[in-house]
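Welcome, and thanks for taking a look at this one. Here is a short tour to help you find your way around.

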Protein chains: 2
Amino acid sequence: MNRERVIATAVRLADTEGLEALTMRRLGEDLNVKAMSIYNHVANKDDLINAMADAIFSEIELPSHSDEWKPAIRKRSISFRDVLARHAWATTVRDSGTNPGPGTLRHHDRVIGTFRNGGFSIEKTAHAFSAVDSYIYGFAMQEKSLPFTTQEETAAMAAVMLAQLPTSEYPYLAELTADHVLKPGYSYGDEFLVGLDLMLDGLETMRDTDQAFE
Amino acid sequence: MNRERVIATAVRLADTEGLEALTMRRLGEDLNVKAMSIYNHVANKDDLINAMADAIFSEIELPSHSDEWKPAIRKRSISFRDVLARHAWATTVRDSGTNPGPGTLRHHDRVIGTFRNGGFSIEKTAHAFSAVDSYIYGFAMQEKSLPFTTQEETAAMAAVMLAQLPTSEYPYLAELTADHVLKPGYSYGDEFLVGLDLMLDGLETMRDTDQAFE
DNA sequence: ACCTGAACACCGTTCAAGT
DNA sequence: ACCTGAACACCGTTCAAGT
């Protein structure tokens with residue numbers, strides 16, 4: 001048993017049963033050890049969760065500096081969102097704040113480098129980094145908070161909610177639900193690329209505009 | 001004592017001492033009542049937090065249908081971000097999922113209506129709604145997770161982090177920190193409007209483009 | 001160096017009992 | 001109708017004791 005195995009097991013537990021199922025006692029069971037032994041490998045639960053967040057950051061496909069910035073950032077953004085969907089608990093965790101791990105640092109360095117080599121000034125790189133990552137995080141959070149995943153579930157859930165909704169009070173919400181969400185083939189996940197491409201196109205314009213955003 | 005007072009007191013407690021300080025026993029103290037009495041007014045802690053989330057949604061400035069969509073959405077987006085900054089715990093909560101309260105429904109209806117009256121098709125309204133709100137949520141989350149708030153704190157913190165950073169391993173991150181974050185006048189909060197306006201301009205283009213995003 | 005039993009100070013929540 | 005004491009089954013974490 002080592003730190004790595006503790007973290008990997010904790011990630012698997014949070015993935016399959018949610019962050020609230022991740023208790024030291026339960027994690028101990030999964031590791032065939034008593035809860036107190038875990039403290040030989042992590043300082044405390046905060047340290048553990050921080051390490052988990054850093055571990056999944058390493059799963060994100062790194063953009064290549066040699067690629068064009070736009071397809072490179074697009075690819076890694078899609079990968080980022082996939083990772084956050086796979087580890088839903090991570091959308092509400094955010095390590096990085098106080099002491100980011102090596103996976104997080106490496107990822108950020110590469111993203112910043114991709115913008116810089118793509119012709120973005122330092123200021124514009126900061127804008128781009130903030131804008132894209134905010135969008136990705138926010139989208140992953142919204143997606144996570146939806147009470148359904150499959151299309152059948154969505155349709156069933158939306159139908160129930162629409163039936164309960166005082167439609168005269170919320171006419172626009174009712175219209176959107178009836179004429180869009182309930183339409184066959186609707187999937188909230190499809191919205192991701194729309195917003196992402198909007199943002200990337202905006203960044204391209206910004207990059208090529210003098211001063212405007214500095 | 002009534003439900004409203006319970007919720008308002010809980011919001012105040014979470015605002016000032018964080019969500020982890022919000023326990024039923026502690027909330028009881030603030031209400032001058034024993035913890036168990038609270039259950040006369042809320043079903044359980046989940047119900048309480050859901051109600052709290054709905055309560056702060058009502059604080060967001062509603063866009064007016066009669067205004068131009070762009071300034072109207074811009075104004076309410078700034079207000080939304082202010083509310084999330086004021087109630088940092090709310091960025092990780094998200095009720096709406098299963099059973100949104102009246103404050104949430106009313107807000108969503110107005111936003112949707114503003115896009116519809118601004119000439120957005122139903123599909124494009126769905127795109128716009130998702131894109132803007134994802135950005136706002138994500139930005140608020142990033143802002144919350146920063147370990148500093150004032151400019152002095154930022155500078156001090158960034159200096160420490162930069163000193164610890166293996167700069168040869170993360171050259172781009174080091175450059176951004178040294179030449180941007182550490183510059184006088186830097187404030188991460190300023191990034192909000194940059195990304196927001198990028199998104200709003202993108203939405204305007206999308207609105208006026210045939211089919212493209214439908 | 002790693003594991004463990006017992007213990008401490010907490011949680012959310014139930015329930016029977018009070019007014 | 002609202003409040004409460006006692007209790008239950010949990011938490012994270014410490015510490016002395018074991019190998």
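Let's begin at the DNA: a polar backbone atom of B:Lys34 lies 2.9 Å from a phosphate oxygen of DNA strand D. Please keep in mind that this is a predicted model. From the DNA, the tour moves on to the contact between chain B and chain A, and then to how the two copies are related.

**Around DNA strand D**

- B:Lys34 is also one of the residues that come nearest to DNA strand D, together with A:Met24, A:Arg25, A:Tyr39 and A:Lys45, out of 16 residues around the strand.
- Of the atoms of DNA strand D that come within 4 Å of the protein, 51% belong to sugar and phosphate.
- The side chain of A:Tyr39 has an N or O atom 2.9 Å from a phosphate oxygen of DNA strand D.
- For B:Ser37, an N or O atom in the side chain is 3.1 Å from a phosphate oxygen of the strand.
- Sorted by class, the surface near DNA strand D holds 7 nonpolar, 5 polar and 4 charged residues.

**Where chain B meets chain A**

- Chain B brings 56 residues to the contact, and chain A brings 56 residues too.
- About 4,900 Å² of area is buried between chain B and chain A, with 69% of it coming from carbon and sulfur atoms.
- Within the area that chain B buries against chain A, B:Met141, B:Tyr172 and B:Leu198 supply 14%, more than any other three residues.

**Polar links across the interface**

- Between chain B and chain A there are 14 residue pairs in polar contact, with both residues at pLDDT 80 or more.
- The interface of chain B and chain A also has 2 salt bridges.
- A salt bridge joins the side chains of A:Glu175 and B:Arg116, at 2.9 Å from N to O.

**The side of chain B that touches chain A**

- Five helices of chain B each supply at least two residues to this side: α5 (102-117), α6 (122-145), α7 (151-164), α8 (171-181) and α9 (191-207).
- The most comes from α6(B), which gives 16 residues.
- By class, the residues on this side of chain B are 27 nonpolar, 18 polar and 11 charged.

**How the two copies are related**

- Chain B superposes on chain A (RMSD 0.0 Å) after a rotation of 180° with 0.0 Å of shift along the axis.
- The two copies are therefore related as by a two-fold rotation axis.
- Both copies use the same surface, as 100% of the contact residues of chain B recur in chain A.

Definitions and conventions: Residues numbered from 1 in each chain as written. Chains lettered and ligands numbered in written order. Predicted model: local features only at pLDDT ≥ 70, side-chain atom pairs only at ≥ 80, totals over all residues. Heavy atoms only, no water. Contact = heavy atoms within 4.5 Å. Buried area = accessible area lost by both parts, 1.4 Å probe. Salt bridge = Lys/Arg side-chain N within 4 Å of Asp/Glu carboxyl O. Polar contact = N/O pair within 3.5 Å; in protein donor to acceptor, adjacent residues only side chain to side chain. Helix = DSSP H or I, 4+ residues; strand = E, 2+ residues; numbered from the N terminus. Nonpolar A, V, L, I, M, F, W, Y, C, P; charged D, E, K, R; others polar. Near = heavy atom within 4 Å. Least-squares fit on C-alpha atoms with pLDDT ≥ 70 in both.
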